[in-house]
Amino acid sequence: MKKITQNLIQSIWRSGLLAFVFLCSLSINSQTVGQEYLVNPGVNSAAIAGGESFVNTTLTDASVTSIGWGHQASVAFIDSGGDDGDCHSEDRQFRLFKKNPALISQDITIPAGDFNWSFYTKWGAVVDYDAGDAEKPTFTIETDDDDDDDWTVVKTVITTEPTAVHTWVQQTGTYSNDIERIVRIKFSKDGGTNAAPTNLQELMFVDDVSLKYAGTYT
């Protein structure tokens, strides 16, 4: 009887331990529908550590680390006002310069699943996407599964062509991700140079970017 009791106690203890480990695993690996995966999706200074100000400041390696957005070129992190117009939501927006290739990106780790993406763009002038060399601004999702810094574009979206100045337009969609991986969220345009301008040599603005978990991978 004593042996049976000991075996029963051990069995209960092991079952409890397995249940605890299982629950911990669920907690660690579970995702919530609507969970935001971008850092500082609102592009706002409230997310800056230490309260540093980057008003009308060109992004630097130090500042982009603080605001969650990484590799960049020819981009400023600015507030509302003046010729730049208002942010979509206060108190910051990205301004992609008129000239040269301009880009802003963020690298994040996401689990397998379907994700809803969205963002807002506007322009400081009306541009024609089909004029001249017909350059087009893009929102892309990229992967680098072999970690060789050679990113592969897995989704490309042409941002909305403007029909009015300083008018915010939202775009939305879904990205299906089959495994846990690092993805790069990137906005880019190329305005060319003074000597060789493109059809996109005007200011473009980006605000309120989002990548939210929508459900299991389909």
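**Close-up 1. Arg92 lies over the face of Phe77.** In this predicted model, Arg92 is placed 6.0 Å from the centre of the Phe77 ring. A charge counts as sitting over a ring if NZ of Lys or CZ of Arg is within 6 Å of the ring centre and within 35 degrees of the ring normal. A second view of this kind shows Lys122, whose charged end sits over the ring of Phe205, 4.9 Å from its centre. For all these close-ups, residues are numbered from 1 along each chain as its sequence is written, and side-chain values use heavy atoms, with hydrogens and water left out. Since the model is predicted, local features need pLDDT of at least 70 and side-chain atom pairs count only at pLDDT 80 or more, while totals for chains, interfaces and linings use all residues.

**Close-up 2. Tyr37 and Phe115 form an edge-to-face pair.** The structure holds ten aromatic pairs; rings of Phe, Tyr and Trp (its six-membered ring) pair if their centres lie within 6.5 Å, and planes under 30 degrees apart count as stacked, over 60 as edge-to-face and the rest as tilted. Here the ring centres of Tyr37 and Phe115 are 5.5 Å apart and the planes stand at 80 degrees, so the pair is edge-to-face. The pair joins distant parts of the chain, 78 residues apart: Tyr37 is in the loop between helix 1 (2-29) and strand 1 (57-58), and Phe115 is in strand 6 (residues 113-123). Helices (H or I, at least four residues) and strands (E, at least two) are DSSP runs, numbered from the N terminus. Tyr37 is buried, at 15% relative accessible area, and Phe115 is buried too, at 0%. Buried means under 20% relative accessible area, exposed over 50% and partly exposed in between (1.4 Å probe, protein chains only).

**Close-up 3. Five strands make an open antiparallel sheet.** Their order is 2-5-10-7-8. Strand 2 (72-73) and strand 8 (152-158) are at the edges with a single partner strand each, so one side of each has no neighbour in the sheet. Strands pair if DSSP finds at least two bridges between them; strand 7 (residues 138-143) and strand 10 (residues 181-190) pair over six bridges. Phe139 has Phe187 in strand 10 as its bridge partner, and both belong to one aromatic cluster with Trp117 and Phe119.

**Close-up 4. Val153 is found in strand 8.** Val153 is partly exposed, with a relative accessible area of 42%. Leaving out residues up to four places away in sequence, Val153 touches Thr140, Ile141 and Glu142; contact means heavy atoms within 4.5 Å.
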